[in-house]
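Could you walk me through this structure in my viewer, one selection after another? I would like to know what to pick at each stop and what is there.

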Amino acid sequence: MQAWVLSGFGDRGNLAWSTCPVPAVRPGEVLVKVRAAAMNFADGLMIAGRYQLRPTPPFVLGAELAGVVVATPPGSAFQVGERVAAQVWTGAYGQYCAVEEGRLIRLPERLGFDEGAALPVSYTTAHIALFRDGGLTPGQTVLVHAAAGGIGVAAVQLARAAGARVIATASSDEKLAIAQANGAEVLINYRKDGWTDEVRRVCPDGVNLVVDPVGGQITLDSLRLLAWRGRILLIGFASGAPAQIPANRLLVGAAAAMGIYWNYEEDGPLVKAVQAELADRAAAGELRPRIGARYPVADLFTALDALEGGRTTGKVVLEL
C-alpha cells in the first residue's frame, strides 16, 4: 500500500509518500480501507517530535480516519463492508489501517466519509470538555475561541444544543459568520483591540466556561473573563505556545484551569458512550461536521501549511 511514513522526528524532510506493507491485523483488530483522513494540529507536533506520544519511527502518520471494513477476525462485532470512523494513535494517512474494534464508530448513512472522519477527535474532545470536565448546564455562558475551527465548530454546536449561550471569537468576519451559522449568539473578532471589553459588555458577570484551543495570550486574557467558579478548558496551543497561568487568578475567582485530554486506555467506556451518542445525533441531523477543505492525500504538505497557517475552517480532510 501507499502511506505517509515518518522515518524520524525533526522536520517534514523525514515524511514521505512511500510503499509499505498492508498492516497485519492482530486479535481484536479489523482492517479498514481508508477513504478519508482528517488532519489535526497534533500532526505537526508529531512530525517535530514534540507531541506527548512518541511512537518509534518509522510509522504511518495520522490519527483520524473513516473508511470501509475489509477484513475482520473470527467473532468480530463488525462485518466486511461496514462504514466506520475511528481515532487511532498512528496509521490514518495510509490506504489501509488496522484498528482496534473498540475504537470504531459505525458511520450513519447520511454522513459522507469526509464528515465521518471529522467526528472521532474534534467532537469527542469538545463533548468531554464541555460536559465531563466543564459540567455545562443549560443557561450558562460559554466563550469559544477559534470558533470556526474543528474544535470550535463542534463546541459551538454542542453547547448551543445543550441550552447554553455561546460567545464566539475568531480572527475574521468570514470565520465569525461560520460560528454564527453553527449557533453562536455573540460574535467577536479577537484580532481587534478591546475584544475582552466586548465580552465584558455582553456578559458583565463573566463567562462560565472558556473553550481554548489557542493558548498564549488568549488564555491569559480569558482568565480575567471568568465568572465566579468559572473554568477555562485548555484544549491546545494553536498560537504556538502554552500560557504561564498565574495561580492567583484562579484562587481569587475560585476558578479552575482544566487540561482536556482523553484516550481509550484511561477513558474507554466514557469515550465509547460519547462517540455512540455523537453518531446517533449526527444520524438525526443534530450535529453537522464542517469540512473546510479537502485535499488529495498526496497534497499533505499543502494541507498542513494551510492548517498551521490559520487559513482553514472546520476540519481539513485528506481524500484517499
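Here is a tour of the sheets, the helices and a few single residues. Please keep in mind on the way that the model is a predicted one.

**Stop 1: the six-stranded sheet**

Start by colouring the strands of the open sheet that runs in the order S11-S10-S9-S12-S13-S14. Its 6 strands pair in the parallel sense. Now look at the two edges, strand S11 (186-189) and strand S14 (256-259). Each of these has a single partner strand, so one side of each is left without a neighbour in the sheet. If you look from one strand to the next, the twist averages 20°.

Next, select strand S9 (residues 141-144) together with strand S10 (residues 165-170). The two are parallel partners, joined over 4 bridges. To see the register, show valine 142, which stands opposite valine 166 in S10.

**Stop 2: helices across the sheet**

Add H3 to the view: this helix lies across S9, strand S12 (207-212), strand S13 (226-234) and S14. Its direction is at about 150° to S13. Then bring in helix H6 (residues 195-202), which lies across S9, S10, S11 and S12. Here the angle to check is the one to S11, about 165°.

**Stop 3: where H3 meets H4**

Keep helix H3 (residues 119-133) on screen and select helix H4 (residues 150-161) as well. The two axes come within 8 Å and cross at roughly 50°, and H3 and H4 are therefore oblique to each other. The crossing of this pair is right-handed.

Turn on side chains for the contact. On the H3 side, show Ser122, Tyr123, Thr125, Ala126, His127, Leu130 and Phe131. They meet Gly150, Ile151, Val153, Ala154, Ala155, Gln157, Leu158 and Ala159 in H4. Colour the contact by residue class and you will find 10 nonpolar residues, 5 polar ones and no charged ones.

**Stop 4: arginine 132**

Staying in helix H3, pick arginine 132. This arginine counts as partly exposed, at 36% relative accessibility. Leaving aside residues up to four places away in sequence, arginine 132 touches His127, Tyr261, Asp267 and Leu270. For a longer line across the model, draw a distance from its C-alpha to that of alanine 247: the two are 115 residues apart along the chain and separated by 23 Å.

**Stop 5: serine 222**

Is serine 222 buried or exposed? Select it in helix H7 (residues 216-223), and you will see that serine 222 is buried, with a relative accessible area of 0%. Not counting residues up to four places away in sequence, its contacts are Leu143, His145, Trp195, Val210 and Ile232.

**Stop 6: two positive phi angles**

A reminder before the next selections: most residues other than glycine have a negative phi. Go to alanine 146, in the loop between S9 and H4. Its phi is positive, near 50°, and the residue is partly exposed, with a relative accessible area of 22%. Then move to arginine 229 in strand S13. Phi is positive here too, near 60°, and arginine 229 is exposed, with a relative accessible area of 56%.

**Stop 7: the three-stranded sheet**

Now select the open sheet with the order S2-S1-S4, whose 3 strands pair in the antiparallel sense. S2 and S4 are the edge strands, each pairing on one side only. S1 and S2 are antiparallel partners over 5 bridges. Show tryptophan 4 and its bridge partner in S2, tryptophan 17.

**Stop 8: phenylalanine 9 and the prolines**

Between strand S1 (2-6) and strand S2 (15-19) there is a loop that holds phenylalanine 9. At 23% relative accessibility, this residue counts as partly exposed. What does phenylalanine 9 touch, not counting residues up to four places away in sequence? Its contacts are Asn14, Met46, Ile47, Ala48, Gly49, Arg54, Pro55, Pro57 and Phe59. From C-alpha to C-alpha, phenylalanine 9 and proline 55 are 9.8 Å apart in space and 46 residues apart in sequence.

Finish at proline 58, in the loop between helix H1 (42-48) and strand S4 (59-60). Most peptide bonds are trans. Select proline 57 and proline 58, and you will find a cis peptide bond joining them, with omega at about 0°.

Technical notes
Residues numbered from 1 in each chain as written. Predicted model: local features only at pLDDT ≥ 70, side-chain atom pairs only at ≥ 80, totals over all residues. Heavy atoms only, no water. Axes fitted to C-alpha atoms, helices over the stretch in contact; angles between N-to-C directions. Parallel < 35°, antiparallel > 145°, perpendicular 65-115°, else oblique. Left-handed = near helix turned anticlockwise from the far one by under 90°. Contact = heavy atoms within 4.5 Å. Nonpolar A, V, L, I, M, F, W, Y, C, P; charged D, E, K, R; others polar. Pairing = 2+ DSSP bridges. Buried < 20%, exposed > 50% of the residue type's maximum accessible area, 1.4 Å probe, protein only.
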